[in-house]
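Got your viewer open? Load the model and let's walk through it one selection at a time.

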Amino acid sequence: MVVGVLFVVHQLALLHLFVCCCVELWSQLFPFGNLFMEIFISIGERLKEEREAMGKTQSDFAEIAAAAGVPGATRQSQAKYEKGLASPSAAYLSAIAMQGVDVRYVLTGEREGPPPLVLTAEEKTLLSYFQSASAEIRKAALGALIGAASTRFEGSQQIFNKAPTGDIAGRDIVKGGGKR
């Protein structure tokens with residue numbers, strides 16, 4: 001699977017490099033080459049978006065790339081990528097892909113799979129407690145949540161944990177031997 005990911009990243013990087021070369025040639029032949037520069041800027045913006053979503057700094061990404069053996073990986077090169085002033089290499093894209101960056105999104109603007117689920121702090125706490133609970137507690141919690149969502153009643157409600165003994169008259173339970 002890793003080999004497949006690396007192959008796709010390599011192919012996307014080659015495509016990106018080809019586009020870079022075409023942009024350079026295009027900008028020399030035609031004065032309205034700024035359109036292609038917008039493409040690089042949007043790639044840089046998406047790269048920055050992915051980095052920030054992971055809670056990483058430009059230096060963190062440079063260290064990830066350097067640890068993977070990417071030549072010239074510095075905070076400055078990361079800044080150039082994000083500003084659209086330089087094109088990241090296949091080795092760089094591969095290194096950040098291994099850390100969880102959606103490289104397809106960075107290069108094309110299209111995400112792989114469903115969008116990430118964003119949880120509130122309250123939902124994260126609930127999920128944490130649920131995951132650490134026993135199967136019995138989980139079942140009870142689900143029952144309470146499902147029951148609370150589907151039960152609607154008006155007025156008062158009486159719940160018995162054990163079957164009542166005696167006769168029920170209206171709202172009262174009359175114990176045996178009392179008046180009827």
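Which residues in H3 meet which residues in H5? Select Phe61, Ile64 and Ala65 in H3, and you'll find them meeting Tyr92, Ala95 and Ile96 in H5 (contact means heavy atoms within 4.5 Å). Helices here are DSSP runs of H or I, at least four residues, numbered from the N terminus.

Before going on, some housekeeping: this is a predicted model, where local features need pLDDT of at least 70 and side-chain atom pairs count only at pLDDT 80 or more, while totals for chains, interfaces and linings use all residues. Residues are numbered from 1 along each chain as its sequence is written, and side-chain values use heavy atoms, with hydrogens and water left out.

**Stop 1: H3 against H5.** Look at how these two helices cross: the angle is about 110°, and the axes are 9 Å apart (lines fitted to C-alpha atoms over the stretch in contact, with angles from 0 to 180 degrees between N-to-C directions). That makes H3 roughly perpendicular to H5 (65 to 115 degrees).

**Stop 2: the core.** Now select Leu47, Phe61, Tyr92, Leu93, Ile96, Val101 and Val103; of the 16 residues in the largest nonpolar core, these touch the most other members. Such a core is a set of buried Ala, Val, Leu, Ile, Met, Phe, Trp, Tyr and Cys residues joined through side-chain atoms within 4.5 Å. Helices H2 (34-53), H3 (58-67), H5 and H6 (103-108) each give two or more residues to this core, with H5 supplying the largest share, five residues. Click on Ile96: beyond its neighbours within four places in sequence, Ile96 is in contact with Leu47, Phe61, Val101 and Val103.

**Stop 3: all of H5.** Select residues 90-97 and show the surface. Six of the eight residues in H5 are buried (under 20% relative accessible area, 1.4 Å probe, protein chains only); they are Tyr92, Leu93, Ser94, Ala95, Ile96 and Ala97.

**Stop 4: Gln78 in H4.** Jump to Gln78, in helix H4 (residues 75-83). At 1% relative accessibility, Gln78 counts as buried. Its side chain makes a polar contact with the side chain of Glu82, at 2.9 Å (a donor and an acceptor, N or O atoms, within 3.5 Å). Leaving aside neighbours within four places in sequence, Gln78 also touches Leu47, Arg51, Gln58, Phe61 and Tyr92.

**Stop 5: H7.** Finish on residues 121-132, helix H7. How many of its twelve residues are buried? The count is zero, so to speak a bare helix: H7 is hardly covered.

Methods
The expected span of a helix is 1.5 Å times one less than its number of residues. Buried means under 20% relative accessible area, exposed over 50%, partly exposed in between (1.4 Å probe, protein chains only). Angles under 35 degrees count as roughly parallel, over 145 as roughly antiparallel, 65 to 115 as roughly perpendicular and the rest as oblique.
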